[in-house]
Amino acid sequence: MNSNDKRHKKEHHLDFSIDNLSKAIFVINKHAKTATNPKFLYELKKKSLEKLIKQGKAEKMGLHFSRNPKLSRQTSTVLISCGDYLFHLPPTKDDFQSLPHLGDLDDQQRNPKTYFSFKQAKTLLIAYTGMKEPQPTNPYVTPTTKKLISPFAKRYGER
């Protein structure tokens with residue numbers, strides 16, 4: 001069995017149920033809030049929720065005022081219900097016209113406690129969305145095509 005077959009077999013064991021996907025999105029969102037580079041994690045959350053909405057497994061409930069408005073301006077976020085969980089995403093222009101505004105966030109509503117590993121959640125959502133994780137770049141390695149030249153070096157004949 002080659003590595004391609006192993007990966008294919010592993011993907012068949014992934015459970016794309018609403019419960020598992022919503023738990024995975026919750027874990028990814030939680031980790032993204034403290035990650036040093038959260039861009040990929042937030043993009044993974046967004047793509048997963050958009051796909052769930054298209055499939056009818058998640059639903060846009062309405063708009064909420066954001067807790068941390070940018071530049072002291074009031075902004076809104078879209079409240080999305082998926083399984084037993086609630087999530088927020090930035091709104092589109094259509095959302096402002098089609099969704100009701102629910103006012104301030106309700107502190108009484110909480111997502112249930114979740115015991116799901118980050119690695120498992122990330123693997124599940126990457127397989128579900130088909131996204132590819134960007135390869136980390138090493139900031140200490142210089143590109144091989146660029147030659148380093150001292151700013152004080154003079155060309156032959158300029159001395």
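Is L52 buried or exposed? L52 is buried, because its relative accessible area is 0%. The model that shows this is predicted.

## The chain as a whole

The chain has 159 residues, and 26% of them count as buried. Its secondary structure comes to five helices and three strands. Along the sequence the pattern reads α-α-α-β-β-β-α-α.

About 12,500 Å² of the chain is exposed. Carbon and sulfur atoms supply 52% of that area. Among contacts in the chain with a separation of 6 or more, 63% join residues 24 or more positions apart.

## Helix α2 against helix α3

Two packed helices are described by the angle between their axes and the distance between the axes. For α2 and α3, the angle is about 155° and the axes are 9 Å apart. An angle over 145° counts as roughly antiparallel, so α2 and α3 are roughly antiparallel to each other. α2 passes α3 in a left-handed crossing.

From α2, the contact draws on L21, I25, I28, N29, H31 and A32. From α3, it draws on L41, Y42, L44, K45, S48, L49 and L52. By class, the residues of this α2 and α3 contact are nine nonpolar, three polar and one charged.

## Helix α3 against helix α5

Helix α3 covers residues 39-54, and helix α5 covers residues 118-129. Their axes come within 10 Å and cross at roughly 55°. α3 and α5 are therefore oblique to each other. The crossing of α3 past α5 is left-handed.

On the α3 side, the contact is made by F40, L41, L44, K47, S48, K51 and L52. On the α5 side, F118, K122, L125, I126, Y128 and T129 take part. The contact of α3 with α5 has eight nonpolar, two polar and three charged residues.

## Helix α2 against helix α5

Helix α2 spans residues 18-32. The axes of α2 and α5 come within 9 Å and cross at roughly 115°. Here too the crossing is left-handed, with α2 passing α5.

α2 brings N20, L21, A24, I25, V27, I28 and H31 to this contact. α5 brings F118, A121, K122, L124, L125 and Y128. The residues of the α2 and α5 contact divide into ten nonpolar, two polar and one charged.

## Three buried residues of α3

L52 lies in helix α3. Neighbours within four places in sequence aside, L52 is in contact with L21, I25, K57, A58, C82 and Y128. C82 is 30 residues from L52 along the chain, and their C-alpha atoms are separated by 8.0 Å. L52 appears in the α2 and α3 contact, and also in the contact of α3 with α5.

S48 is in helix α3 as well. S48 counts as buried because its relative accessibility is 0%. Setting aside residues up to four places away in sequence, S48 touches I25, L125, Y128 and T129. I25 belongs to the α2 side of the α2 and α3 contact. L125, Y128 and T129 belong to the α5 side of the α3 and α5 contact.

L44 is another residue of helix α3. With 0% relative accessibility, L44 counts as buried. Apart from neighbours within four places in sequence, L44 is in contact with I28, K122, L125, I126, T129 and M131. Of these, I28 is among the α2 residues that meet α3. K122, L125, I126 and T129 are among the α5 residues that meet α3.

## K132, after α5

K132 is found in the segment after α5. Is K132 buried or exposed? K132 counts as exposed, because its relative accessibility is 74%.

Two residues of the α3 and α5 contact, F40 and L44, can be placed relative to K132 by C-alpha distance. K132 and F40 are 92 residues apart in sequence and 9.4 Å apart in space, C-alpha to C-alpha. L44 and K132 are 88 residues apart in sequence and 9.5 Å apart in space, again C-alpha to C-alpha.

Key. Residues are numbered from 1 along each chain as its sequence is written. This is a predicted model: local features need pLDDT of at least 70, side-chain atom pairs count only at pLDDT 80 or more; totals for chains, interfaces and linings use all residues. Side-chain values use heavy atoms; hydrogens and water are left out. Axes are lines fitted to C-alpha atoms, for helices over the stretch in contact, and angles run from 0 to 180 degrees between N-to-C directions. Helices (H or I, at least four residues) and strands (E, at least two) are DSSP runs, numbered from the N terminus. Angles under 35 degrees count as roughly parallel, over 145 as roughly antiparallel, 65 to 115 as roughly perpendicular and the rest as oblique. A crossing is left-handed if the near helix is turned anticlockwise from the far one by less than a right angle, and right-handed if clockwise. Contact means heavy atoms within 4.5 Å. Ala, Val, Leu, Ile, Met, Phe, Trp, Tyr, Cys and Pro count as nonpolar, Asp, Glu, Lys and Arg as charged, and the others, Gly among them, as polar. Buried means under 20% relative accessible area, exposed over 50%, partly exposed in between (1.4 Å probe, protein chains only). Accessible areas come from the Shrake-Rupley method with a 1.4 Å probe; for residues, only the protein chains shown count as cover.
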